[in-house]
Amino acid sequence: MMKYSRTTVALAIAGALALSSTLVACSSSDNASGDQGSTTLDPNTKVTLNVVGLLPGAKPEAQQALAQEVTDFQKEFPNITVKTHDYEWKATTFAADLAGGTLPTVFEIPFTDAKTLIANQQISDMQAYLNSLSYASNFNKNLLQYGQGSDGHVYAIPAKSIYAVGLHYNRDLFTKAGLDPNKPPTTWDEVRADAKAIAEKTGNAGFAQMAKDGTGGWQLTVDTYARGGRMEDGKKATLTNEQTKASLQFLKDLRWTDNSMGANFDYDWSSINQAFAAGKIGMYTSGQDVYTSLVQTNNIDPKTYGLTMIPLAGADSGVLGGGTLAAVSSKATNNEKAAAIKWIDAHYLRKYTNQDAATKQAQVQLASKQPVGTPELPIFSQQQYEQYQGWIKSLVNVPLDQMTTFTTKVYDAKLVNEPAVATQDVYKSLDPVVQAVLTNKDANIDQLLTDANAKAQRAIDAAG
């Protein structure tokens with residue numbers, strides 16, 4: 001396995017790695033979107049900026065913390081009115097929401113989507129506005145390139161959730177099953193054995209897998225990478241690889257031989273988080289940053305939470321990595337874009353480069369009983385991230401001691417980017433495969449993957 005030091009982990013990730021149309025509001029003095037006007041915002045010009053907020057169903061405390069952020073921002077920029085809107089990115093609805101003009105002016109997208117949106121001229125060129133930030137040149141350039149167009153300009157900005165997928169587990173269910181919660185599984189065989197013990201002794205699902213809205217294919221790709229396989233080779237779909245077959249056989253064994261996956265086989269990202277936080281799932285895989293959402297939206301008991309490395313096996317095994325970009329609608333006016341970069345700075349990024357901003361935001365989160373210190377991977381450099389951690393150390397309320405088998409090992413793992421071409425279509429082609437394996441005892445894995453591979457190849461070809 002190729003090794004990466006703590007100072008190059010972000011390079012490893014990147015090198016390998018919706019509301020009505022009335023949401024877009026502007027003042028009568030705004031320039032038209034295509035004008036080559038000033039990239040600065042006149043402090044006397046009033047702008048209303050619609051931005052993404054929290055996930056639907058976020059707790060009142062989380063809403064309170066966001067509202068305080070907005071209040072502080074508007075004190076700093078009294079000419080900008082910020083309106084937040086609940087938002088959850090979903091592969092099945094995002095394209096329609098964007099085409100229909102129902103997204104806020106500032107919205108979030110995964111790393112995998114920016115190139116297509118840039119090519120389709122659906123998001124704004126933000127390079128000139130980004131240049132106004134003092135730290136614009138400090139971004140990890142290999143992360144920044146995911147939001148760059150063929151002209152070299154930045155259209156979407158690395159903002160948050162730069163993640164590596166980990167194995168999340170319920171410490172309480174481990175204890176009830178007679179397992180040591182301080183010694184989570186390190187191999188897939190151990191995952192299977194622990195899942196069976198949890199199911200037999202607690203009646204809950206020992207292990208669960210996402211299976212719809214593109215998440216089934218996403219997590220099957222995670223499983224494939226962890227065993228050394230890949231879903232694409234250049235512009236060729238490779239879904240029929242032996243590692244994907246082994247991953248599906250693993251799920252089939254848990255489901256039909258061990259009966260350790262419960263009765264729900266239709267989870268997406270939101271619903272699996274909800275079930276896990278409610279104590280109905282012993283283990284599942286997702287980005288290491290999901291703890292924040294589990295607190296804000298699902299009211300998880302921190303004492304029950306554990307995070308460890310996903311098991312890695314095979315010569316080319318690795319951990320899938322990804323992240324979130326902040327983008328601005330192509331319909332935004334120049335004044336809206338100038339306001340947007342100020343919000344992106346204040347809401348997402350300034351805390352990593354400014355001690356006062358870091359501690360202030362952490363204090364707001366702490367006062368509202370929100371997570372402070374959830375593990376992340378660096379947007380800038382490892383040195384910068386460690387400095388940020390030092391600034392907020394006294395305010396951290398996240399149970400980091402229950403995550404050490406992840407945080408102490410992730411920097412030694414090979415981090416692999418998501419499939420580069422037609423990513424979401426490749427994932428969606430695999431959803432029915434995962435669903436079939438979990439709901440049909442006689443599912444033919446080879447045939448399912450052959451069919452899915454043909455569908456994925458058509459999508460890759462269509463993407464050029």
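In which helix is I272 found? In this predicted model, I272 sits in helix α11, which spans residues 269–277. The residue is buried, since its relative accessible area is 0%, and the cut-off for that label is under 20%. Leaving aside residues up to four places away in sequence, I272 touches A208, Q209, M210, Y267, I281 and Y284. As for a more remote position, Q457 lies 185 residues from I272 along the chain, and the C-alpha atoms of the two are separated by 29 Å.

A helix pair comes next. Helix α2 (residues 60–76) and helix α13 (residues 334–349) have axes that come within 11 Å and cross at roughly 125°. Angles of 65 to 115 degrees count as roughly perpendicular and those over 145 as roughly antiparallel, and α2 and α13 are therefore oblique to each other. Their crossing is right-handed. On the α2 side, the contact is made by L66, E69, V70 and F73, which meet A339, K342, W343, A346 and H347 of α13. By residue class, this contact of α2 with α13 comprises six nonpolar, one polar and two charged residues.

Aromatic rings offer a further view of the model. A pair of such rings is described by the distance of the centres and the angle of the planes. The count comes to 18 aromatic pairs. One of them joins Y169 and F174, with 5.0 Å from centre to centre and 55° between the planes, a tilted arrangement. Both Y169 and F174 are buried. Elsewhere in the sequence, ring pairs link Y135, F139, Y352, F380, Y385 and Y388 into a cluster.

Conventions:
Residues are numbered from 1 along each chain as its sequence is written. This is a predicted model: local features need pLDDT of at least 70, side-chain atom pairs count only at pLDDT 80 or more; totals for chains, interfaces and linings use all residues. Side-chain values use heavy atoms; hydrogens and water are left out. Axes are lines fitted to C-alpha atoms, for helices over the stretch in contact, and angles run from 0 to 180 degrees between N-to-C directions. Helices (H or I, at least four residues) and strands (E, at least two) are DSSP runs, numbered from the N terminus. Angles under 35 degrees count as roughly parallel, over 145 as roughly antiparallel, 65 to 115 as roughly perpendicular and the rest as oblique. A crossing is left-handed if the near helix is turned anticlockwise from the far one by less than a right angle, and right-handed if clockwise. Contact means heavy atoms within 4.5 Å. Ala, Val, Leu, Ile, Met, Phe, Trp, Tyr, Cys and Pro count as nonpolar, Asp, Glu, Lys and Arg as charged, and the others, Gly among them, as polar. Rings of Phe, Tyr and Trp (its six-membered ring) pair if their centres lie within 6.5 Å; planes under 30 degrees apart count as stacked, over 60 as edge-to-face and the rest as tilted. Buried means under 20% relative accessible area, exposed over 50%, partly exposed in between (1.4 Å probe, protein chains only).
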